[in-house]
Amino acid sequence: MEEKTEFDDIFRLYYTRLFIYAFQMIGTKEECRDIVNSAYEHVWMNFQLMDRSTVRSFLYSFVRSRCLDYLRHLDVHNQYVEYCKSCDEGYEPEPALMDMDYRIVIIRELMSNLKPSTRQILEACYIDKKKYREVAEEMNMSTSAVKKNLTKALNLLREKIAKKQ
Amino acid sequence: MDTKDRPVTDEELLDLLEGMSERDGELWQQVKEKGLTDDCLHLRLLAAASRIGQEEPDVEVLLAAFHAGQSRKRRLRLRRWGLSLVGVAAAVLLLFLWMLPGGNGAGTGKEPLLVFASDSAALRSPVLQTEKAPGVQASADDGTDRPAVWVAKGPHELDYHTPANLSAYAKDLPERHSLTVPRGQTFKLILSDGTEVYLNADSRLVYPSRFTGKERSVFLDGEAYFRVAKDAGHPFIVRTQTLQTRVLGTEFNVSGYEGSDTEVTLVEGSVEVSDADRQRTVRIKPGEQASLQTDGGFAVQKVDVSQYIHWREGYFYYDNVTLLDIMKELGRWYNVSVVFCNAEAMESRLHFVADRRQDLQHALTLLNRMNKFTITQKADGRVYVE
């Protein structure tokens with residue numbers, strides 16, 4: 001029973017973060033849920049043998065490779081797959097500090113600092129993939145105000161990351 | 001991260017990413033070449049975290065569903081190895097198998113067909129699993145020390161709404177409970193908000209001992225009838241493996257046995273039914289039934305709601321329902337296997353009412369009185385339709 005409790009804690013801790021990670025890459029919730037679920041299934045099946053300190057990186061790399069597989073099946077451009085691959089590379093000197101999980105934790109903390117309208121703009125631009133002008137019209141503001149909101153969110157995040165490093 | 005050193009301004013970055021498409025190879029090449037991978041990732045993560053945060057996944061419910069799925073898979077694996085399992089405190093397995101008769105030529109369409117399989121490891125009485133006490137019998141008090149959060153009102157009723165010990169209740173943290181009802185029985189639960197849940201045979205409900213937070217969320221495997229206590233501020237959500245139903249206060253039936261379509265039938269009020277991701281949603285009115293189609297869409301049809309009211313009151317009630325569906329229900333209730341030797345009979349539609357408290361023989365006698373087919377329980381224990 002102790003193992004189950006331990007596993008349950010891991011499930012609770014990373015589930016939403018892994019979901020956000022996958023969603024950012026592939027954009028369909030249904031597929032994300034299947035992928036995150038099968039990552040946990042692998043952990044659960046091999047839990048006795050697993051080194052607890054590697055569970056987190058296992059979960060992320062499992063989700064990553066499944067998402068890449070999924071993308072390769074879709075009609076996306078190969079350059080996009082390459083881009084996704086490079087997202088969690090490139091921090092070789094200090095991978096522990098800037099790994100994906102850490103970024104997501106910071107971003108989740110940041111959510112409460114963002115105005116609802118800023119969040120709405122972020123979603124419209126980068127999930128629903130609307131043009132800035134369209135978003136501006138919908139929200140009854142100027143295109144430059146839309147951009148200003150986006151830059152502001154990005155800068156807040158940059159500051160936060162810089163502070164933690 | 002110094003802005004002056006950045007070769008690309010934020011203005012340029014945003015212009016580049018405008019309406020970004022995964023199909024645009026040029027764009028992604030530029031993102032990489034110009035060293036914008038991080039910024040682009042961060043914008044996408046911000047958007048994703050915001051969207052997912054709109055409706056945080058209910059991790060507790062997902063966790064319960066995960067373990068339920070795992071134990072079902074484990075049992076399937078064990079069964080394949082021919083091991084029998086005793087005392088498994090979880091929903092039982094339904095097998096809808098095409099049975100081929102030994103020796104006879106296959107594919108003629110005349111072979112006896114097993115439409116419902118009995119389960120020898122089926123539970124005998126309802127089982128309540130809590131985090132502290134896995135697998136206690138959910139029956140009336142037997143003198144053992146029980147948590148104070150619920151009261152047993154009989155062998156088939158639990159009440160969380162009027163706890164026995166109010167001060168202990170207030171101190172107790174909400175726990176995840178799971179109630180499994182065996183074949184041939186039903187169970188009434190009163191949840192902490194006063195919502196009444198009638199669980200049908202062979203079903204399982206996962207719910208918190210006390211609702212907290214914005215939503216009242218439960219997970220169902222099998223079939224249940226809900227009379228939801230009105231509370232407009234806290235939507236009540238019933239999730240199954242495939243769909244979710246959101247309500248504010250109403251009466252409805254959810255049926256999602258494994259191997260059958262999941263159906264939501266509304267008796268009173270108004271509900272919103274969505275697939276598990278809430279990508280597709282449909283609103284139904286009283287007397288309507290929504291079912292999830294294999295293509296992911298919903299079919300809505302008018303139904304006679306009496307059937308869903310009568311099972312709760314201890315009757316099999318069917319109007320214009322196929323013999324196949326009726327026999328599956330009888331198989332589930334009496335835990336017997338059902339074999340059709342007469343495939344035509346499967347599709348005949350009947351009006352049929354029987355008392356569930358009577359034995360199987362009683363129901364079969366009533367069916368045989370229609371003189372359309374012969375249904376008998378043979379020496380091997382299975383029920384044959386000829």
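Biologist: Looking at chain B, which residue of β17(B) stands opposite B:Val264?
Modeller: Strand numbers here come from DSSP runs counted from the N terminus (E, at least two residues, for strands; H or I, at least four, for helices). β14(B) and β17 (residues 288–292) of chain B run antiparallel and are joined by three bridges. In β17(B), the residue opposite B:Val264 is B:Ala290.

Biologist: Before we go on, what kind of model is this?
Modeller: Residues are numbered from 1 along each chain as its sequence is written, with chains lettered from A and ligands numbered from 1 in the order in which they are written. Local features need pLDDT of at least 70 and side-chain atom pairs count only at pLDDT 80 or more, while totals for chains, interfaces and linings use all residues, since this is a predicted model.

Biologist: Back to B:Val264, then. Which residue does it stand opposite in β13(B)?
Modeller: Strands β13 (residues 251–256) and β14 (residues 263–268) of chain B pair in the antiparallel sense over five bridges; to pair, two strands need at least two DSSP bridges between them. Across that pairing, B:Val264 in β14(B) stands opposite B:Val254.

Biologist: There's another sheet in chain B, with four strands. Which are its edge strands?
Modeller: That sheet is open, with mixed pairing and the order β1-β20-β23-β22. Inside it, β20 (residues 338–340) and β23 (residues 383–385) of chain B run parallel over three bridges, with B:Val339 opposite B:Tyr384. Two strands of the sheet each pair on one side only: β1 (113–116) and β22 (375–377) of chain B.

Biologist: At about what angle does helix α7(B) run to β1(B)?
Modeller: Helix α7 (residues 323–334) of chain B lies across β1, β20 and β23 of chain B. Axes are lines fitted to C-alpha atoms (for helices, over the stretch in contact), and angles go from 0 to 180 degrees between N-to-C directions. Against β1(B), the helix runs at about 65°.

Biologist: Just past that helix, is B:Asn335 buried or exposed?
Modeller: B:Asn335 sits in the loop between α7 and β20 of chain B, and its phi is positive, near 55°, though it isn't glycine. Buried takes 20 or more other C-beta atoms (placed from the backbone) within 10 Å of a residue's own, exposed 12 or fewer, and partly exposed lies in between. B:Asn335 has 22 such atoms within 10 Å, so it counts as buried.

Biologist: Over to chain A: why do the buried residues of α5(A) sit on the same side?
Modeller: The buried ones are A:Met100, A:Arg103, A:Ile104, A:Ile107 and A:Leu110. The face turned away from them carries exposed A:Val105 and A:Glu109. Take the directions from the helix axis to the C-beta atoms, whose spread is the arc. The buried residues are on the same side because they cover an arc of only 120°.

Biologist: And which element of chain A gives the most residues to the side touching chain B?
Modeller: In all, 46 residues of chain A are in contact with 39 of chain B, contact meaning C-beta atoms, placed from the backbone, within 7 Å. At least two residues each come from α1 (2–26), α2 (29–45), α4 (78–87), α5 (100–111), α6 (116–126) and α8 (143–164) of chain A. With nine residues, the one giving the most is α1(A).

Technical notes
Two residues are in contact if their C-beta atoms, placed from the backbone, lie within 7 Å.
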